[in-house]
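Here are my notes on the model, as numbered points. Please read them with the structure open.

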Amino acid sequence: MDFENAMVEAPLMQVIVATTPEEKRKLFDRIKSRNWKAAIDKTITCKDEDEAIAIQKAAMYFTGGVCEMDIVSEEPLRVRFCSLGYYYHMGS
């Protein structure tokens with residue numbers, strides 16, 4: 001799967017869908033800053049591409065804007081997540 005086009009190419013049913021705010025919060029907690037409204041720049045290990053996409057979507061849910069992700073390494077899968085954060089996206 002091409003990560004640059006993951007949002008377009010990934011079939012919805014294959015992507016981990018966090019349906020409740022609690023599920024989204026658990027995913028977002030892996031990459032958020034101490035102040036969850038601040039900018040994000042974090043690299044973590046993900047079990048697979050679906051988990052990385054689910055974390056990206058959770059970040060977008062909480063920040064209200066774009067969360068970029070880049071592959072740092074493939075074995076193990078390490079992904080860097082970057083977002084300007086809630087303050088920026090909400091105009092604070």
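**Strands, then core**

1. S2 and S3 form a hairpin, with two residues between them. Bear in mind that the model is predicted. S2 covers residues 68–74, and six bridges join this strand to S3. The two run antiparallel. To check the register, look at Ser73: its bridge partner in S3 is Arg78.

2. S3 also pairs with S1. The sense is antiparallel, over six bridges. One position to inspect is Ile40, which stands opposite Ser83 in S3.

3. Which residues make up the covered face of S3, and which the uncovered one? Leu77, Val79, Phe81 and Ser83 are on the covered face. Arg78, Arg80 and Cys82 are on the uncovered face. Thus the Ser73 partner, Arg78, belongs to the uncovered face, while Ser83, opposite Ile40, belongs to the covered one.

4. Now the core. The largest nonpolar core has 18 residues. Those with the most contacts inside this core are Phe28, Ile31, Cys46, Ile55, Val79 and Phe81. Two or more residues come from each of helix H2 (21–29), strand S1 (40–45), helix H3 (49–63) and strand S3 (77–83). H3 gives the largest share, seven residues.

5. Val79 deserves a look of its own. Val79 is on the covered face of S3 and among the core residues with the most contacts. What does Val79 touch, leaving out residues up to four places away in sequence? The list is Lys42, Thr43, Ile44, Cys46, Ala52, Met69, Asp70 and Val72. Cys46, one of these, is also among the core residues with the most contacts.

How values were computed
Residues are numbered from 1 along each chain as its sequence is written. This is a predicted model: local features need pLDDT of at least 70, side-chain atom pairs count only at pLDDT 80 or more; totals for chains, interfaces and linings use all residues. Side-chain values use heavy atoms; hydrogens and water are left out. A nonpolar core is a set of buried Ala, Val, Leu, Ile, Met, Phe, Trp, Tyr and Cys residues joined through side-chain atoms within 4.5 Å. Buried means under 20% relative accessible area, exposed over 50%, partly exposed in between (1.4 Å probe, protein chains only). Helices (H or I, at least four residues) and strands (E, at least two) are DSSP runs, numbered from the N terminus. Contact means heavy atoms within 4.5 Å. Two strands pair if DSSP finds at least two bridges between them.
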